[in-house]
Amino acid sequence: MENIFKKWMENPISKILLATNIVFALLFIVSVPSFVREYITQDAVSIGGKKYDLSDVKETSPIAYSKFQSEYKSLIKNTLGEFAQDKLFELVAKDKNIKPSEVLNQGFTPREPSEEEILNVYMSNKEQLGGKSLNETKDKIVGFLKNQQEQEHSRAVYRDIVTKYPVEFLIKEPAAVRVTVEEKNNPSIGPKDAKITIIEFSDFECPFCKRSQDVNQKLREKYKGQIRWVFRDFPLPFHQDAMYAHMAANCSISEGKYWDVFNTLFENSGNLSKGNVDALVLKAGMPKDKYQTCMKDAPRLKSEIDADIQDGQKVGVSGTPAFFINGIFVSGALPFENFDEIIQKELKQ
């Protein structure tokens, strides 16, 4: 998935569209209109002669319904966002007597990158360049830097456009689907009486979980004192080193070193062999004798982690990362804005 994303991002148009969608996410609140929801309930499945529609899904499988709701909202947002973008470009093109395709980059000419800029990119990506020399990769790096300039210019132009031509999505927000998720004395950050409780099911070896940690940290910083963040183990079976890493992290709870170990493991999520995990835990400040004693009790540690996995599966978790914001399910390493929108609504209630 990561490789597909990288290839997609190499396309300049894809980058512009991504930047566009991010701008829309920052500016507008999008949801599913009531008339669309009424239309959707006409879709149904017949089982043994009995008809079931999405209202039955909502009643008997709230997480499945919540996923549908989230994905449908994204589809509506993307569809309206692309439509709005085309209309905005038409308005600007008419004002400037140019073609809509020329709006973002009219009159823009990227400057030639300096030798220092080229060298910095080369040194930062030397391993990914397969050992090729600077001369062998220089043209590619220059193209990359010029493309960066183009994207920055496009984002600035787009910000000016949406400022001049206000856009508002007139859509009613559907009621949130909530499920009860227990904390079960798992490690947490934040006050117990916080208005917002976020329960995260995650995997130390999961690259998307690692990516989500930056967003998680920003949320805790912005809403310090208002959020209680609970971490529950969900090592995926195809991540061979994940279970051992989670066991090691749990051994650090009693010594008050859990979050130090937590951060260290995510920082090194691409290298969680048993030997390296042991070294990382000790480096994070866990006493060696107590760590070794704890890890000898593998059955108990694994049992606690399996309990987290089973609890997660009961409420619909099938992949990582997965979050429950006051019981509202959020799946995946989504942008800051997706979480922020839900949290702000919860704080207003």
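Visitor: Why are H8 and H10 called oblique to each other?
Guide: Helix H8 (207-222) and helix H10 (residues 258-267) pack at an angle of about 125°, with their axes 9 Å apart. Angles under 35 degrees count as roughly parallel, over 145 as roughly antiparallel, 65 to 115 as roughly perpendicular and the rest as oblique, so this pair is oblique. Bear in mind that this is a predicted model, where local features need pLDDT of at least 70, side-chain atom pairs count only at pLDDT 80 or more, and totals for chains, interfaces and linings use all residues. Residues are numbered from 1 along each chain as its sequence is written, and side-chain values use heavy atoms, leaving out hydrogens and water.

Visitor: What makes Cys-209, Lys-210 and Gln-213 in H8 meet H10?
Guide: They meet Phe-262, Phe-266 and Glu-267 in H10, where contact means heavy atoms within 4.5 Å.

Visitor: How do you know which side of H14 the buried residues are on?
Guide: Buried means under 20% relative accessible area, exposed over 50%, partly exposed in between (1.4 Å probe, protein chains only). The buried ones in H14 are Phe-336, Phe-339, Asp-340, Ile-342, Ile-343 and Glu-346. They cover an arc of only 165° around the axis, so they sit on the same side of H14; the arc is taken from the directions from the helix axis to the C-beta atoms.

Visitor: Why is Asn-97 called exposed, and Asn-326 partly exposed?
Guide: Asn-97 has 73% relative accessibility, so it counts as exposed. Asn-326 has a relative accessible area of 22%, so it is partly exposed. Asn-97 has a positive phi of about 55°, and phi of Asn-326 is near 50°.

Notes: Helices (H or I, at least four residues) and strands (E, at least two) are DSSP runs, numbered from the N terminus. Axes are lines fitted to C-alpha atoms, for helices over the stretch in contact, and angles run from 0 to 180 degrees between N-to-C directions.
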